[in-house]
Amino acid sequence: MRILTFDRGSLPLLPEGISAVRFPHPVLLPLLPWTHRSLGRWADVIKTNQSDGAHYYTRAAHVWNKPIVLRCGYVKGEYLETVDGMTTATARYQTKEARAFRAATHCLLPTEDLSTWVRDRYQLPADKITLVPNFVDTAVFTPLAGIDKKPMSVVTVGRLSPVKRFDLLLRACSGILGCRLTIIGEGEERGRLHDLATELGVELSLPGNLENVKLPAELQKHRVFAITSQREGHPKSLIEAMACGMPCVGVDAIGIRNVISNDLNGLLVGASVEQVRDGLSLLLQNEALAHSLGGAAADFTSEAYSFERCMATELSVVGRP
């Protein structure tokens, strides 16, 4: 297996049998079918890892006369429409993305919501789509023993951007006596969130990005995991927190409701300060409920999103495009 990468720095150690092919710069992607003809001769099947830019790969696969599987963890066209509205830029992007989905031999999507959206918007037949959720590495993300939890602590993970609505989470925490919040990630909203926390009197920690191997222990130092995004594709951070046995509060939004079943493996709440605050308060104060939901979350993710299960489904498709 060979992975096409735009990374110019050092690459992580790849598993045996997987090698990386460096592409000089993404701006040259229109030339891919001719600059990397060897991939077309070597590969039995081409597979994308996201829908963004997938039209370049479907065209290359067509030139090389190879089947192509379009896999994505979220659909950028749906994301742009939800967040930015149907702007000229959104419509232009969706035209390219629709072309890629239609040209693909088969498509792998993580949730039924996204599958329905793609079928309706891009006019794809249902038998051209297979659901393959994002997997979680349960060998890394697993409940850990002996970790002291910070009292009244909430944690979340994500890019510091408006779509994550961390301001909503901060305001919810501000009404809970002694509540402290940790947001793991980087982004353009760092300064604004710091200032808002100071204004609201919330103890806020912004440790930046953390390596995956350090995330499980950091998550489990806290009492509750929260996710308040405007929308998600298939939120990896939520799945990883659930795999760690964290009791989770999520707003009832696309992507999040595909993972959390209310009162079964977490709490789904409305996207208001009061409803998010009520959910956080309940889990911070009811240790028995938090423990029960956290255990159910770990069991659910181990069963539904294990690497073995997701990869088996994906390989069954890649082997028959």
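This tour moves from the whole chain to two annotated segments, then to one helix and one loop residue.

**The whole chain**

Begin with the entire protein selected, bearing in mind that the model is predicted. The fold comprises 13 helices and twelve strands. Its radius of gyration is 21 Å, close to the 20 Å that the globule rule gives for 321 residues, so the protein is as compact as a globular protein of that length. Aligned on its principal axes, the C-alpha trace spans about 60 × 45 × 40 Å.

Next, colour the residues by accessibility. Of the 321 residues, 47% are buried. A surface representation shows what remains open: about 15,300 Å² is exposed, and carbon and sulfur atoms supply 52% of that area. If contacts with a separation of 6 or more are displayed, 62% of them join residues 24 or more positions apart. Selecting the charged residues brings up 35 positive and 34 negative charges, whose mean positions lie 8 Å apart.

**Two annotated segments**

Select residues 18–139. UniProt lists this range, in an unreviewed entry, as "domain: Glycosyltransferase subfamily 4-like N-terminal". Here the chain is 47% helix and 15% strand, and the C-alpha atoms at the two ends are 20 Å apart.

Then select residues 146–297, which UniProt lists, again in an unreviewed entry, as "domain: Glycosyl transferase family". This range is 38% helix and 18% strand, with 19 Å between its end C-alpha atoms.

**Helix H3 and its surroundings**

Move now to helix H3, residues 54–64. Show the side chains of its buried residues: Ala 54, His 55, Tyr 57, Thr 58, Ala 60, Ala 61 and Trp 64. Which elements cover them? The cover includes three strands to highlight, E1 (2–5), E3 (46–48) and E4 (68–71). It also includes the helices H1 (32–35), H2 (37–42) and H5 (88–103).

Step along the chain to Asn 65, which follows H3. The phi angle of Asn 65 is positive, near 60°.

**Asn 286**

For the last stop, select Asn 286, located in the loop between helix H11 (273–285) and helix H12 (287–304). Is Asn 286 buried, exposed or partly exposed? Its relative accessibility is 30%, and buried means under 20% while exposed means over 50%, so Asn 286 counts as partly exposed.

Finally, draw a C-alpha to C-alpha distance from Asn 286 to Ala 145: the two residues are 20 Å apart in space and 141 residues apart in sequence.

Conventions: Residues numbered from 1 in each chain as written. Predicted model: local features only at pLDDT ≥ 70, side-chain atom pairs only at ≥ 80, totals over all residues. Heavy atoms only, no water. Helix = DSSP H or I, 4+ residues; strand = E, 2+ residues; numbered from the N terminus. Rg over C-alpha atoms; globule rule 2.2 N^0.38 Å. Buried < 20%, exposed > 50% of the residue type's maximum accessible area, 1.4 Å probe, protein only. Contact = heavy atoms within 4.5 Å. Areas by Shrake-Rupley, 256 points an atom, 1.4 Å probe, with all protein chains shown as cover. Lys, Arg positive; Asp, Glu negative; His and termini not counted. Charge placed at Lys NZ, Arg CZ, Asp CG, Glu CD. UniProt positions renumbered as here; feature names shortened; annotations may be inferred.
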